[in-house]
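Here's a quick briefing to read with the structure open beside you. Start at the loop described just below, then work through the rings and the pocket.

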Amino acid sequence: MPEALPVATIRTQVTVPLAFPDGYATTVRVFSFKGLVDGREHLALGLGDWAGALDRLAAGGEAPLVRPHSECLTGDVFGSQRCDCGPQLREAVQRIAETGGFLLYLRQEGRGIGLYAKLDAYALQDAGLDTYQANVALGRGEDERDYSVAAQMLATLGVPRIRLLSSNPDKAEQLTRLGVDVAERVPTSVFLSPANADYLAAKAAKAAETEAAGALAGLTPDRPDAR
């Protein structure tokens with residue numbers, strides 16, 4: 001049985017033009033919400049012909065492309081090379097805009113441990129720990145991200161079935177458990193640089209571990225990459 005969640009409502013919606021440093025530009029419909037279970041200010045961005053994508057879904061057509069993207073101030077805003085979050089955000093906006101769908105911008109920095117703790121984890125990574133080991137050394141979970149609000153936002157927007165833009169099997173598993181029909185998992189690109197090679201290797205290893213655990217539990221996720 002899917003986990004039951006309270007019903008959220010749309011608080012406001014507004015059109016916002018976006019422009020990225022590489023020159024790519026688009027316009028999005030930004031939705032804010034009331035009643036999200038954690039009380040944080042998460043956003044849904046309607047990209048491309050998102051209304052048409054909803055109409056096609058309602059008529060039994062293809063599910064819209066959706067990416068839950070966890071906030072990363074250092075990567076999304078400052079262009080940090082320690083992770084691949086900024087390039088993934090840029091890629092997701094364009095890919096979703098081309099087909100029509102939603103990007104869910106989730107305020108759970110540092111895999112859910114917060115900005116300051118993430119910076120503390122960076123210091124531990126500089127001392128030799130990987131990104132998951134560093135979180136544990138701080139007394140936190142390896143990955144504390146929770147996609148309950150993502151499921152709430154999708155329900156509020158009328159999106160019961162999605163094509164999930166993510167290479168992270170945990171996102172698909174959590175959303176499925178929360179009642180979202182993940183029709184397909186669409187992998188993201190790999191954005192490798194000398195600065196993030198160890199980070200990406202740790203993510204890939206963790207994703208493979210999650211895939212193996214899912215297979216043992218009788219699940220059949222479709223790709224062994226991370227995030």
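Let's begin with Asp143, which sits in the loop between α5 (131-137) and α6 (148-157). Keep in mind that this is a predicted model. UniProt, in an unreviewed entry, lists Asp143 and Arg145 under "active site".

**The loop between α5 and α6**
- Arg145 is in the loop between α5 and α6 as well.
- Is Asp143 buried, exposed or partly exposed? Asp143 has 28% relative accessibility, so it goes down as partly exposed.
- Arg145 has a relative accessible area of just 6%, which means it counts as buried.
- The side chains of Arg145 and Asp143 are joined by a polar contact of 2.7 Å.

**Aromatic pairs**
- How many aromatic pairs does the structure hold? There are 4 of them.
- One of these is Phe20 with Tyr24: the ring centres are 6.3 Å apart and the planes meet at 40°, so this pair is tilted.
- Tyr24 comes out as buried because its relative accessibility is 17%, and the cut-off for buried is under 20%.
- Phe31 and Trp50 also pair up, with ring centres 5.4 Å apart and planes at 90°, so this one is edge-to-face.
- That pair bridges distant parts of the chain, since Phe31 belongs to strand β2 (residues 25-34) and Trp50 to helix α1 (residues 50-58), 19 residues apart.
- Phe31 has a relative accessible area of 2%, so it is buried.
- Phe102 comes into the picture too: ring pairs tie Phe31, Trp50 and Phe102 into a cluster.

**Charges over rings**
- Arg82 places its charged end over the ring of Tyr122, 4.2 Å from the ring centre.
- Arg90 does likewise with Phe20, its charged end sitting over the ring at 5.7 Å from the centre.

**The second largest pocket**
- The volume of the second largest pocket is about 320 Å³.
- Which residues are closest to the centre of the second largest pocket? Of the 14 that line it, they are Leu18, Phe20, Leu45, Leu89 and Tyr105.
- Two or more lining residues come from each of β1 (9-19), β2, β3 (43-47), α2 (73-77) and α3 (85-99).
- The top contributor to this lining is α2, which gives 3 residues.
- Phe20 is worth a second look: it is among the residues closest to the pocket centre, it pairs with Tyr24, and the charged end of Arg90 sits over its ring.

Definitions and conventions
Residues are numbered from 1 along each chain as its sequence is written. This is a predicted model: local features need pLDDT of at least 70, side-chain atom pairs count only at pLDDT 80 or more; totals for chains, interfaces and linings use all residues. Side-chain values use heavy atoms; hydrogens and water are left out. Rings of Phe, Tyr and Trp (its six-membered ring) pair if their centres lie within 6.5 Å; planes under 30 degrees apart count as stacked, over 60 as edge-to-face and the rest as tilted. Buried means under 20% relative accessible area, exposed over 50%, partly exposed in between (1.4 Å probe, protein chains only). Helices (H or I, at least four residues) and strands (E, at least two) are DSSP runs, numbered from the N terminus. A charge sits over a ring if NZ of Lys or CZ of Arg is within 6 Å of the ring centre and within 35 degrees of the ring normal. UniProt positions are given in the numbering used here, feature names are shortened, and annotations may be inferred rather than shown by experiment. A polar contact is a pair of N or O atoms within 3.5 Å; within protein, one must be able to donate a hydrogen and the other to accept it, and residues adjacent in sequence count only if both atoms are side-chain atoms. On a 1 Å grid over the protein atoms alone, a cavity is a set of points where a 1.4 Å probe fits but cannot get out, and a pocket is an open set with protein on both sides within 12 Å along at least five of seven lines; lining residues have an atom within 4 Å of a point. Grid points are joined across faces, edges and corners, and a volume is the space filled by probe spheres set on the points.
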